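I opened my notebook today to look into how the parts of this structure fit together. Come along and look over my shoulder.

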Amino acid sequence: MDSDDRIPLSERPEWSDVTPLPQDDGPNPIVAIAYKEDFAEVMNYFRAVYRADERSPRSLDLTAEAIAINPGNYTVWHFRRLILEALNVNLHDELNFLDDIAESNTKNYQIWHHRRWVAQKLGTDASRKEIEFTKNILSLDSKNYHAWSHRQWVLQALGGWEDELDYCHELLEEDVFNNSAWNQRYFVITRSPLLGGLKARRESEVSYTVEAILAHPENESSWRYLRGLYSGDTHSWITAPQVSSVCLKVLSGKRNFVFALSTLMNLLCHGFQPSQELRDAVDALRTPDDSPTDPDLANTVCLILERVDPIRVNYWLWKKSKLPQ
Amino acid sequence: MGELAAEKHVKYILSVEKRKDDFQSVVMEHLRMNGAYWGLTALDILGKLNTVDADEVVSWVMSCQHQSGGFAGNVGHDPHILYTLSAVQVLALFDKLDVLDVDKVTDYVVGLQNEDGSFSGDIWGEVDSRFSYIAILCLSLLHQLDKINVEKAVNFVVSCKNMDGGFGCIPGGESHSGQIFCCVGALALTGSLHHIDKDLLGWWLCERQVKSGGLNGRPEKLPDVCYSWWVLSSLIMIDRVHWINKEKLVKFILDCQDTENGGISDRPDDAVDVYHTYFGIAGLSLLEYPALKAIDPAYALPVDVVNRIRLRKKLAV
């Protein structure tokens, strides 16, 4: 808002009957609040209509002004909802109002909460618009936590699952390190009513993930996703040929192999029987400084991890201490 | 490595009160109760709570209480569970919990529990696992935990657990260090830590440490001083804090200080604020930095304050 063009409320005829109500901070505020003039005036009038519980069109406009100055004030939002209900306002207009302020306030809890309140009232009609809206916000910041929460809520409450897996793919094509997109993918695979659940999708998801891992073996998110695909099914995890083979491929490449080693470590802890090829691949990662070959592969894996991931050396030492001797 | 500019931070926190023309304080109006909690707890950890007039603070806190029993972020605002906890914590710091009508505050918090065990933040119903922690902590401080359905509350928190061992804001939500702190805290306070795969979560949390020594909130995100609190306290609650490099983290926090005017920022060379000043100091306290009071990772209050409250309960029983 350009403050030069703004007419103070005290000079507007429609507000002449209202006496502004200043903030009472108590005698000697501990975290004293400084007010800019415009903001102070708007809030003084706001407090007056709020105190009088005046649910009128001009109060609605005033809440918009107050929100423009400080969208974090939850009392203003709260009153706005009361007015919207009382005046029976067209809620599609309210969504448009929110569109305008959303882009510059994408991490504001109140706006998202208000948006959900409106969408919930509109029901399944709002689904498509909300899916599009969150897509716009995520195009500005693909990890925006609020946008993802809202989108998950929309899918579950209002529907719109049809293109969601494609959307996840699109985002991962853009940035395969986007943990939010991997999380959403897991959300879709495990919860979409259209896909048949995790077990039905596991094979194709494993192939998808293995490809992503091979392209960027240093990606924490894709490795965790792979593990998640076998959540609660340790037997399949340690016997799946695709899992041990992706470890082998990355280890043989000798670059960015920390997560491959930690995955191998996890497999070994669960009773996985390593092939000679895997043993050789691990052995090839040893440096002359490492202690002599240990017959126990897990020990060697830990040794290498201690060296290549020194910031977490205590974690790897602990892992080693937990190995059956 | 530099040292903690403790005196400067005390001055900075006290000076926030005197600033009249800074926009930051304008937009903070509605969450002043949080600001009071951050600033005052930081002062207490630094051993300087006595520089503040307790009666003044207590009377302001009480003037923010709504007839529903909940507290607002400031006088004339609406109550929210966020500010209700901050109000109770501030009163606890000053050993003034006895000014509260405990039943009234309890009724407010109890009234926010939903059928599925989750908690809403206020009457408008936003649900978030943060609010579960806040409700549970608030009632723990008042010795009223038995007034809610703890089993259902725990079940909801557990339903926010992800395959990576972390927790999100609602079931299916991405794991995030801040949410993890809330969920681990809620489980710790209810004696339910057995629901956590500590090794899996501990590994996820220690992977949050980046080369600079700082901690981030999610994979591939930038480090931020506030995660020194969220991640560290979680690691302590699940007994895995030795998995990170403490020296490097101490250095990262100290590098975020404004050594001239006091205060701590999110990352080195950024602008300071009360929020990051508190989380930096609280983080250093968890790291056992010299001359700081110890802070309790679940209660987010100095250990002596928590002990005082626990002792009261024992005496009452």
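Below are my entries on the contact between the chains and on some helix pairs.

**Entry 1: the two chains.** I noted at the start that this is a predicted model. I then looked up how chain B and chain A meet. The contact draws 66 residues from chain B and 53 residues from chain A. Between them, about 5,600 Å² is buried, with carbon and sulfur atoms giving 55% of that area. On the chain B side, I found that Arg32(B), Trp124(B) and Met163(B) lose the most area to chain A, together 15% of what that side buries.

**Entry 2: salt bridges.** How many salt bridges does the rule find across the interface of chain B and chain A? I got two. I also looked up Arg208(B) and Glu220(A), whose side chains form a salt bridge at 2.9 Å, N to O.

**Entry 3: a helix that holds Glu220(A).** I met Glu220(A) again in helix 11 of chain A, where it takes part in the contact with helix 14 of chain A. Helix 11 covers residues 220-228 and helix 14 covers residues 258-269; their axes come within 10 Å and cross at roughly 20 degrees. The cut-off for roughly parallel is under 35 degrees, so I wrote these two helices down as roughly parallel to each other. Their crossing is right-handed. Along with Glu220(A), helix 11 brings Trp223(A) and Arg227(A), while helix 14 offers Phe259(A), Ala260(A), Thr263(A) and Asn266(A). Sorted by class, I have three nonpolar, two polar and two charged residues in this contact.

**Entry 4: another pair in chain A.** Next I turned to helix 4 (residues 91-102) and helix 5 (residues 109-122) of chain A, whose axes come within 10 Å and cross at roughly 155 degrees. Why do I call them roughly antiparallel? The cut-off for that is over 145 degrees, and helix 4 and helix 5 of chain A are therefore roughly antiparallel to each other. I marked their crossing as left-handed. Residues making the contact include Leu95(A) and Leu98(A) of helix 4 and Ile111(A) and Val118(A) of helix 5. By class, this contact divides into seven nonpolar, two polar and four charged residues.

**Entry 5: a pair in chain B.** Last, I looked up helix 3 (residues 32-45) and helix 5 (residues 81-93) of chain B, which pack at about 30 degrees with their axes 9 Å apart. That makes these helices of chain B roughly parallel, and their crossing is left-handed. Among the residues that meet here are Tyr37(B) and Leu40(B) from helix 3, and Tyr83(B) and Val90(B) from helix 5. I noted nine nonpolar, four polar and one charged in this contact.

Definitions and conventions
Residues are numbered from 1 along each chain as its sequence is written. Chains are lettered from A and ligands numbered from 1 in the order in which they are written. This is a predicted model: local features need pLDDT of at least 70, side-chain atom pairs count only at pLDDT 80 or more; totals for chains, interfaces and linings use all residues. Side-chain values use heavy atoms; hydrogens and water are left out. Axes are lines fitted to C-alpha atoms, for helices over the stretch in contact, and angles run from 0 to 180 degrees between N-to-C directions. Helices (H or I, at least four residues) and strands (E, at least two) are DSSP runs, numbered from the N terminus. Angles under 35 degrees count as roughly parallel, over 145 as roughly antiparallel, 65 to 115 as roughly perpendicular and the rest as oblique. A crossing is left-handed if the near helix is turned anticlockwise from the far one by less than a right angle, and right-handed if clockwise. Contact means heavy atoms within 4.5 Å. Ala, Val, Leu, Ile, Met, Phe, Trp, Tyr, Cys and Pro count as nonpolar, Asp, Glu, Lys and Arg as charged, and the others, Gly among them, as polar. Buried area is the accessible area (1.4 Å probe) that two parts lose on being put together, summed over both. A salt bridge is a side-chain nitrogen of Lys or Arg within 4 Å of a carboxyl oxygen of Asp or Glu.
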